[in-house]
Amino acid sequence: QVHLVESGGGSVQTGGSLRLSCAASGPSFSINNSVMAWFRQAPGKEREFVGTIKWSPYYADSVKGRFTIYRDNAKNMMYLQMNGLQPEDSANYYCAVGRAFIATSPDQYDYWGQGTQVTVSS
């Protein structure tokens, strides 16, 4: 079992920035050899792929050029740096761990955090 905890959400204005963090833990677990991803879900909408990372990041078209995924393997941490935020980015953001690379569907991930809320006002 892998335990994931997201943090760093908050409220910003359009054009602002936030950095989300995902802390991973578990017996004999290291993110070094794991596929990790960020998803987001707004009220009344389906869970949406944001980006994944293993060797290098891969992003959804909607966030490409604005969001950056990176990881600190020694600390079992993954981050999502979000710049140029738009109201459409408002959602609960989730960290996930899976096996398949490159996976863009929630069904392809095994473990999830509880999410952290991001609100972008116009």
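In the predicted model, Y94 is located in strand β9. Its relative accessibility is 12%, below the 20% limit, and Y94 is therefore classed as buried. Apart from residues up to four places away in sequence, Y94 touches E6, A37, W38, F39, Q41, R47, W112, G113, Q114 and G115. Of these partners, W38 belongs to the residues with the most contacts inside the largest nonpolar core. A further spatial relation links Y94 with T116: the two residues are separated by 22 positions in sequence, and their C-alpha atoms lie 6.7 Å apart.

Strand β9 also contains A96. A relative accessibility of 0% places A96 among the buried residues. Once neighbours within four places in sequence are set aside, the contacts of A96 are with L4, V35, M36, A37, F39, Y109, Y111 and W112. For F39, which stands 57 residues from A96 along the chain, the separation between the two C-alpha atoms is 7.6 Å. A37, F39 and W112 are thus contacted by A96 and are likewise touched by Y94.

The strand that holds these two residues is one element of a chain with 11 strands and 0 helices. Read from the N terminus, the order of elements is β-β-β-β-β-β-β-β-β-β-β. The radius of gyration is 13 Å, close to the 14 Å given by the globule rule for 122 residues, so the chain is as compact as a globular protein of that length. Along the principal axes, the C-alpha atoms occupy a box of roughly 45 × 25 × 25 Å. Among the contacts with a separation of 6 or more, 58% join residues that are 24 or more positions apart.

Of the 122 residues in the chain, 45% are buried. In soluble globular proteins, nonpolar side chains tend to be buried together. In the present model, the largest nonpolar core comprises 36 residues, and the residues with the most contacts inside this core are M36, W38, F67, M78, L80, M82 and Y93. Two or more residues are contributed to the core by each of β3 (18-25), β4 (35-41), β5 (48-53), β7 (67-72), β8 (77-82), β9 (91-98) and β11 (116-121). One of the residues with the most core contacts, M36, is also a contact of A96.

With regard to the surface, the chain exposes about 6300 Å², of which carbon and sulfur atoms supply 46%. The chain carries 10 positive and 9 negative charges, and the mean positions of the two sets are 6 Å apart.

Several residues in the loops were also examined. The loop between β3 and β4 includes S28. Although S28 is not a glycine, its phi is positive, at about 55°. With a relative accessibility of 86%, S28 exceeds the 50% limit and therefore counts as exposed. F29 is situated in the loop between β3 and β4 as well, but F29 is buried, at 16% relative accessibility. Beyond its neighbours within four places in sequence, F29 is in contact with V2, A24, S34, N76 and V97. From F29 to W112 there are 83 residues in sequence, and the C-alpha to C-alpha distance is 15 Å.

N76, which is a contact of F29, is placed in the loop between β7 and β8. Phi of N76 is again positive in a residue other than glycine, near 55°. N76 is buried, having a relative accessible area of 14%, whereas S28 is exposed.

The loop between β9 and β10 (109-112) contains R99. R99 counts as exposed, at 76% relative accessibility. Residues up to four places away in sequence being excluded, R99 touches V35, Q108 and D110. The sequence separation between R99 and D110 is 11 residues, and their C-alpha atoms are 7.8 Å apart. V35 is accordingly a contact of R99 in this loop and also of A96 in strand β9.

Notes. Residues are numbered from 1 along each chain as its sequence is written. This is a predicted model: local features need pLDDT of at least 70, side-chain atom pairs count only at pLDDT 80 or more; totals for chains, interfaces and linings use all residues. Side-chain values use heavy atoms; hydrogens and water are left out. Helices (H or I, at least four residues) and strands (E, at least two) are DSSP runs, numbered from the N terminus. The radius of gyration is taken over C-alpha atoms; the globule rule is 2.2 Å times the number of residues to the power 0.38. Buried means under 20% relative accessible area, exposed over 50%, partly exposed in between (1.4 Å probe, protein chains only). Contact means heavy atoms within 4.5 Å. Accessible areas come from the Shrake-Rupley method with a 1.4 Å probe; for residues, only the protein chains shown count as cover. Lys and Arg count as positive and Asp and Glu as negative; His and the chain ends are not counted. The place of a charge is taken as NZ of Lys, CZ of Arg, CG of Asp or CD of Glu. A nonpolar core is a set of buried Ala, Val, Leu, Ile, Met, Phe, Trp, Tyr and Cys residues joined through side-chain atoms within 4.5 Å.
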